[in-house]
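Q: Please take a close look at one packing site in this model, and then lead me outward from it to the parts around it. I am new to this structure, so please explain each term when it comes up.

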Amino acid sequence: MTSARWVLVTAPNDRGSEPRDVLAPALERLRRRHPGIVFRTAVLGGSGPTVSAGLDAALAAGAREVVIVNGQTMPDRTMESWFKRVVAHWVRVHDSAPVPHIQVVSDLTGSDGFADLLDAALDSGVPARSTAAPIISPLWDEVPGFSRHVLVCRGPRCSVNGAPETAEALSSELDSRNINDDAVLVTQTGCMFPCSQAPVVAVYPDNIWYHRLSADRVARLVREHLVEGRSITEWIGARRD
Ligand code: FES
């Protein structure tokens, strides 16, 4: 959609539900109120389109202004700082293009509307019940019988450098080979430390950490390391002794 103004509503947590689903009802209301504005969700890490992808889409659509709003009400200073860094990185790598004017909104607790939001919530509660689903299930009684555990970093820097595409490519490649949790268990993680090597993927129990594991490297990773058991030495990142 072509619109001069875009709003990216962010969900800084890198765990839990897809923010597009969580924020969908609120964004629908906002779209009705402001039909000329494009509203999208974005994440720093975890599932869903990244902030950089949102900015790319706004740029491609010819937006002149992008407002980035933290969709969570409780402030997280670390995440706020990361959002600012990710946006600054995006601006730096687009310094030769006419980029939209970007504004980052501070956390909502400081806004005039936050008290009104809490006030309105007081009358919208539902009774707590003891009949809700239990916190355990037979499905999760046992650790899967995997032989390798692959950790895909979805921290902020890896997410800005291709980790979403890497994670998706890995999932598709394993699916296409019918390799399931009982052979290879994949876990998306928060920052694993060596951010300069992004995107980072580690394979256990081999204790092999790959750097710059972009989506186009995934097929070889699966074939050589996860299926044939041979690590790819030229892709292993630098490591302290
Ligand atoms: S964000 Fe991936 S290692 Fe830090």
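**A helix pair and its surroundings**

A: Helix 2, made of residues 51-60, packs against helix 3 at an angle of about 40 degrees, and the two axes lie 10 Å apart. Helix 2 is therefore oblique to helix 3 (under 35 degrees counts as roughly parallel, over 145 as roughly antiparallel, 65 to 115 as roughly perpendicular, and the rest as oblique). The model is a predicted one, in which local features need a pLDDT of at least 70 and side-chain atom pairs count only at pLDDT 80 or more, while totals for chains, interfaces and linings use all residues. Residues are numbered from 1 along each chain as its sequence is written. Helices (H or I, at least four residues) and strands (E, at least two) are DSSP runs numbered from the N terminus, and axes are lines fitted to C-alpha atoms, for helices over the stretch in contact, with angles from 0 to 180 degrees between N-to-C directions.

Helix 2 passes helix 3 in a right-handed crossing (the near helix is turned clockwise from the far one by less than a right angle; anticlockwise would be left-handed). On one side of this site stand Val51, Ser52 and Leu55 of helix 2, which meet Phe83, Val86, Val87 and Trp90 of helix 3; contact here requires C-beta atoms, placed from the backbone, to lie within 7 Å. Sorted by class, this contact of helix 2 with helix 3 holds six nonpolar residues, one polar residue and no charged ones (Ala, Val, Leu, Ile, Met, Phe, Trp, Tyr, Cys and Pro count as nonpolar, Asp, Glu, Lys and Arg as charged, and the others, Gly among them, as polar).

The helix pair belongs with a sheet. Four strands form this open sheet in the order 2-1-3-4, with parallel pairing, where two strands pair if DSSP finds at least two bridges between them. Its edges are strand 2 (37-42) and strand 4 (101-104), each of which pairs on one side only, and the twist from one strand to the next averages 20 degrees. Strand 3, residues 65-70, and strand 4 run in the parallel sense and are joined over four bridges, with Val67 standing opposite Gln103 of strand 4. Helix 2 packs on this sheet by touching strand 1 (5-10), strand 2 and strand 3, and its direction makes about 170 degrees with that of strand 1. Helix 3 packs on the sheet as well, where it touches strand 1, strand 3 and strand 4, and its direction makes about 170 degrees with that of strand 4.

Moving outward, the protein chain is divided into domain 1 (5-114) and domain 2 (138-235), with bounds that come from an automatic or database domain assignment. The centres of the two domains, taken over C-alpha atoms, are separated by 27 Å, and nine residues of domain 1 are in contact with eight residues of domain 2. Helix 3 (residues 77-93) gives the most to the side of domain 1 that touches domain 2, namely three residues. By class, that side of domain 1 has three nonpolar, five polar and one charged residues.

Further along the chain there is another helix pair to follow. The axes of helix 6 (residues 163-176) and helix 7 (residues 218-227) come within 9 Å and cross at roughly 45 degrees, so helix 6 and helix 7 are oblique to each other, and their crossing is right-handed. Thr166, Ala169, Leu170, Glu173 and Leu174 of helix 6 meet Val218, Ala219 and Val222 of helix 7, a contact with six nonpolar, one polar and one charged residues. Helix 6 lies across strand 5 (148-153), strand 6 and strand 7, and runs at about 150 degrees to strand 5.

These strands take part in an open sheet of four, ordered 6-5-7-8, whose pairing is mixed. Strand 6 (184-189) and strand 8 (208-210) are its edges, each pairing on one side only. Strand 7 (residues 201-204) and strand 8 pair in the antiparallel sense over three bridges, and the bridge partner of Ala202 in strand 8 is Trp209. In the loop between strand 6 and strand 7 lies Pro199, whose peptide bond from Ala198 is cis, with omega near -10 degrees. Tyr204 and Pro205 are likewise joined by a cis peptide bond, with omega about 10 degrees, and Pro205 is found in the loop between strand 7 and strand 8.

How values were computed:
Two residues are in contact if their C-beta atoms, placed from the backbone, lie within 7 Å.
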